[in-house]
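Biologist: I should like to go through this structure with you, beginning with the contact between the chains and ending with single residues. Could you show it first?

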Amino acid sequence: MQIPIETFRLDNGLLVTLSQDNTAPIVAVNLWYHVGSANEREGRTGFAHLFEHMLFQGSEHVGANEHFELIQRAGGTLNGSTWLERTNYFETVPSNQLELALWLEADRMGALLPAMTQAKLDTQRDVVKNERRWSVDNQPYGTWWEKLPALAFPSSHPFHHSLIGSMEDLDAASLEDVEQFFRTFYTPNNAVLSIAGDFDSADAKALVKKHFGDIPPGKGKPPLEGLDLPDHFGETLRLEVEDDVSLSRLYLAFRSPVFGSEGYYAASVTGAILGMRQGSRLYRSLVRERQIAADASAFTFDLAKGRDLLIVDVTARPETSAEKLEEEVEREIDNLIKGGVSDEEVQRAVALIQTDMVTAMQSASERADRISMFATLLGDSSLVNEQAARYNAVTTERVNAFIRERLGPENRAKLLYVPRVKAEGNAEQEEIEVAAS
Amino acid sequence: MTLATRPVPGPAREYHFPRFSARRLDNGITVIVSTVTKLPLVSVATVIDATALMDPLGREGTAELTAEALREGTASRSGVQLTLDLEKLGTSLEAGADWDSTVASLTVLKRNLGEAFRIFAETLLSPAFREEDVERLKAERLAERMQLLDEPRGLADESFSRFLYQADSRYASPASGTSKSVSAVSHHHVAEFYKKNYLPGATTVILAGDLTLDEGISLVQSTLGSWSGQEKAKTVKADRPSRLTRAVEIVAKPDAAQSELRIGHVGIPRTHPDYFDVVVMNAVLGGLFSSRINLNLREKHGYTYGASSYYDWRRQSGPFVISTAVQSEVTAAAISETLREIDGMREKEISEDELTLATSYLEGVFPIRYETTSAIAGALANMVMFGLPEDYFDTYRANIAAVTTAGVLAAARAHVRPEELQVVVVGNPEVIREPVKNLPIGPLTVREATED
């Protein structure tokens with residue numbers, strides 16, 4: 001399956017991709033800025049995400065929260081999200097409202113700062129602190145988002161620190177930081193714009209030029225330092241965390257080739273063989289047959305710089321101790337290295353991934369987002385049409401070579417969540433209660 | 001440098017919900033096909049009138065276990081084989097039971113539809129329900145129940161339902177059962193539930209995607225045409241409120257970093273004639289980002305990452321809930337602000353601006369909701385389980401557009417009842433008990449978190 005792709009670049013550096021599909025009167029506008037938590041300076045963890053919130057607080061011609069209101073009034077959906085390497089903003093609107101979405105995005109790319117105030121920053125700081133409490137601090141295993149990257153990337157590495165940020169660093173964020181961040185990173189030459197759905201190509205191009213064409217380019221951004229890392233951790237890294245959880249959980253990470261590289265596809269297929277759906281190895285073995293785990297999955301982080309991570313995530317059954325869980329998951333990995341995977345396992349994984357890719361292309365928003373991903377991270381939107389071929393090219397030999405090279409003990413990082421032992425009673429009683437309930 | 005003039009939209013292009021046709025086969029199965037040819041995909045959603053309200057007393061969760069056990073193998077295929085056979089075709093079967101139906105669904109590339117559907121049909125015709133598989137599903141369910149106690153959001157939702165409904169009303173306990181009720185279910189009970197409730201006359205197979213009506217009918221006829229069965233179960237009244245006066249409960253979570261807050265009361269059934277007025281009213285109150293409650297709690301006060309309200313639509317009266325998570329110290333203040341917004345909805349008509357924000361949003365997002373074959377199949381499944389008219393989707397936007405500020409006020413006065421508000425807080429009692437106790441929200445009880 002191929003989707004239509006038309007790419008051009010404005011003089012100010014903005015890379016634009018159009019993907020037309022007139023089946024329904026819907027159009028998706030999707031902007032990726034090539035900045036994420038990796039670009040934060042020391043003492044400002046969480047700033048890229050806090051900044052994303054500020055982008056909904058208005059711009060020169062748009063009031064606070066008006067972006068939300070205008071898009072919803074137009075009958076559209078919208079949001080934004082922040083990740084280690086990028087921040088994205090997106091709207092899906094009825095196709096006659098395309099210009100509104102472009103105008104709103106252009107106004108905040110071109111003229112955010114006139115709308116920024118201390119009061120808005122203070123409110124969004126509180127909102128983000130509550131987001132942190134909600135998604136990290138008050139969620140079982142919620143800290144894994146920051147503990148695993150902290151374990152798997154050295155302290156000097158841009159991917160090491162917390163994306164949501166510490167309360168102290170959020171407190172320290174100032175309007176000056178907002179201004180500096182905006183001028184450095186929120187520039188047309190550090191962004192890609194993708195439009196997917198129902199439009200006329202000539203009209204859409206004219207609208208993009210009209211609204212984005214006069215935004216001056218930025219002066220460039222400081223390069224990320226120290227991204228490159230050896231292929232392996234060099235040893236098994238391990239962190240044990242007590243948490244308010246009833247069931248132990250192991251996150252087992254392997255350093256793996258970056259998103260989009262040849263090795264990435266073998267890593268991605270390995271992840272699917274290990275932990276995609278109920279027919280995967282870990283699910284069949286640990287959940288279904290031996291019944292020591294309540295759930296098992298595996299996935300890649302999809303990082304395009306330095307090194308990616310392949311992550312296995314297994315939750316224990318109540319009667320399975322943390323030690324046993326750790327031992328059994330590693331035994332499965334060791335068996336995989338020894339015995340390799342079969343052709344059938346590779347075919348199963350690729351078939352599931354292929355269906356998911358076609359399914360995702362039904363939605364204009366998903367289409368635009370994936371185009372932006374390839375354009376931002378790999379500089380080439382048309383790669384969206386090559387993914388099926390890339391996955392089909394993955395052979396059993398290549399998967400087995402990847403497994404031998406990357407899944408050994410010299411390349412494992414283990415984050416183990418262990419139920420907190422309650423104040424009264426000793427650990428043994430605790431276990432008995434758990435098993436009996 | 002950027003343009004001050006706001007764009008004015010041109011005329012909207014015509015849109016209609018994908019066309020669909022329904023046929024009844026001789027054995028009673030209804031087949032609905034919606035042809036959508038954008039991509040070579042087909043989504044299947046099979047709706048069976050086998051619900052959690054048919055769970056035997058003391059064995060709540062049987063409907064859900066039965067649905068899950070469909071994936072665990074047939075007379076001729078083990079569970080592992082069944083799973084692998086489908087996954088090699090690039091798909092997997094999802095199955096679950098809720099208050100109003102059992103739904104089994106999958107999405108598959110068109111070229112694999114025939115084979116995948118034959119395997120799926122086998123799960124309906126000859127499920128194995130082997131003891132070891134049902135026991136494993138039960139053990140997984142018990143593990144989930146333990147995890148619920150660690151998870152404030154789920155715990156708050158469940159505690160709220162329990163506080164809202166009379167203890168012997170089915171809606172008071174979770175659709176998928178508690179550890180106690182699930183432990184009482186055996187593979188025999190699962191087989192019995194299947195025999196009694198999985199009947200062709202109670203089944204609708206929905207196919208949405210790249211196929212024709214004839215292809216769909218012949219596919220279902222050739223695989224499920226011989227399926228027979230007739231008994232029929234009765235459902236029970238499940239929605240009696242526990243009380244009609246204000247009350248508040250704190251579910252203790254001493255180390256909680258936030259308070260998970262649920263405020264509301266028993267709502268109205270999905271087929272209530274005021275449905276559209278209530279949907280628009282709720283959008284203004286707490287359904288949209290720019291709703292009164294979210295703008296107040298999040299954007300004005302910074303108490304929360306988000307606050308919303310919703311009616312949980314069921315055949316009987318599901319909960320009306322305002323849901324948010326706030327910093328522990330501001331729990332009482334957040335409740336007060338919420339009560340203020342509730343009163344405001346009933347005091348006077350909303351502005352024309354608020355009305356059009358809600359109605360134009362609901363009209364506009366309608367096509368966006370149905371971009372995928374699985375969303376189309378899911379919408380048709382809702383139509384079936386709630387018995388909505390066949391022109392429901394074609395008249396939806398006109399029905400929304402017809403809502404007036406007077407209608408919204410009437411809906412708020414009839415269906416938001418401040419004197420009956422129930423409040424549940426999952427949080428740290430040491431911090432929140434005193435401030436919450438001083439609010440005019442009825443008697444306060446504090447209890448430990450439990451799950452059965």
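The exchange below takes up the interface, the nonpolar cores, one helix and two residues.

Modeller: Please note at the outset that this is a predicted model.

Biologist: How many residues does each chain bring to the contact, and what area is buried between chain A and chain B?

Modeller: Chain A contributes 87 residues to the contact and chain B contributes 73 residues. Of the area buried between the two chains, carbon and sulfur atoms give 57%. R73(A), R288(A) and Q362(A) supply 12% of what chain A buries against chain B, more than any other three residues. The total buried between chain A and chain B is about 6900 Å².

Biologist: Which helix gives the largest share of the side of chain A that touches chain B?

Modeller: Between the chains there are 38 residue pairs in polar contact, both residues being at pLDDT 80 or more. Elements that each supply at least two residues of the touching side of chain A include α2, β5, α3, α4 and α8. The largest share, 10 residues, comes from α4(A).

Biologist: How do the residues on that side of chain A divide into nonpolar, polar and charged?

Modeller: The side of chain A that touches chain B divides into 32 nonpolar, 32 polar and 23 charged residues.  The count of salt bridges between chain A and chain B is 6. As for the division asked about, the numbers are thus 32, 32 and 23.

Biologist: Where does R13(B) lie, and with which side chain does R13(B) form a salt bridge?

Modeller: R13(B) is placed in the segment before β1 of chain B, and R13(B) counts as partly exposed because its relative accessibility is 40%. Beyond its neighbours within four places in sequence, R13(B) is in contact with N22(A), T23(A), A24(A), P25(A) and D198(A). A polar atom of the R13(B) side chain lies 3.2 Å from the backbone oxygen of N22(A). The salt bridge, at 2.8 Å from N to O, is with the side chain of D198(A).

Biologist: Which helix gives the most to the largest nonpolar core?

Modeller: That core has 73 residues, and F17(B), M281(B), I335(B), L380(B) and F393(B) touch the most other members. Leaving aside neighbours within four places in sequence, the contacts of F393(B) include F17(B), F366(B), Y370(B) and L380(B). With 9 residues, the helix that gives the most to this core is α9 of chain B.

Biologist: Which residues of helix α5 of chain A are buried, and what covers them?

Modeller: Helix α5 of chain A spans residues 144-152, and its buried residues are W144(A), E146(A), L148(A), P149(A), L151(A) and A152(A). The cover over these buried residues includes α4, β7, β8, β9, β10 and β11 of chain A.

Biologist: Is S381(A) buried or exposed, and which side chain makes a polar contact with the side chain of S381(A)?

Modeller: S381(A) is found in the loop between α13 and α14 of chain A. Because its relative accessibility is 3%, S381(A) counts as buried. Leaving aside neighbours within four places in sequence, S381(A) is in contact with I5(A), T7(A), T17(A), I371(A), F374(A) and A375(A). The polar contact, at 2.7 Å, is with the side chain of T17(A).

Note on methods:
Residues are numbered from 1 along each chain as its sequence is written. Chains are lettered from A and ligands numbered from 1 in the order in which they are written. This is a predicted model: local features need pLDDT of at least 70, side-chain atom pairs count only at pLDDT 80 or more; totals for chains, interfaces and linings use all residues. Side-chain values use heavy atoms; hydrogens and water are left out. Buried means under 20% relative accessible area, exposed over 50%, partly exposed in between (1.4 Å probe, protein chains only). Helices (H or I, at least four residues) and strands (E, at least two) are DSSP runs, numbered from the N terminus. Contact means heavy atoms within 4.5 Å. Buried area is the accessible area (1.4 Å probe) that two parts lose on being put together, summed over both. A salt bridge is a side-chain nitrogen of Lys or Arg within 4 Å of a carboxyl oxygen of Asp or Glu. A polar contact is a pair of N or O atoms within 3.5 Å; within protein, one must be able to donate a hydrogen and the other to accept it, and residues adjacent in sequence count only if both atoms are side-chain atoms. Ala, Val, Leu, Ile, Met, Phe, Trp, Tyr, Cys and Pro count as nonpolar, Asp, Glu, Lys and Arg as charged, and the others, Gly among them, as polar. A nonpolar core is a set of buried Ala, Val, Leu, Ile, Met, Phe, Trp, Tyr and Cys residues joined through side-chain atoms within 4.5 Å.
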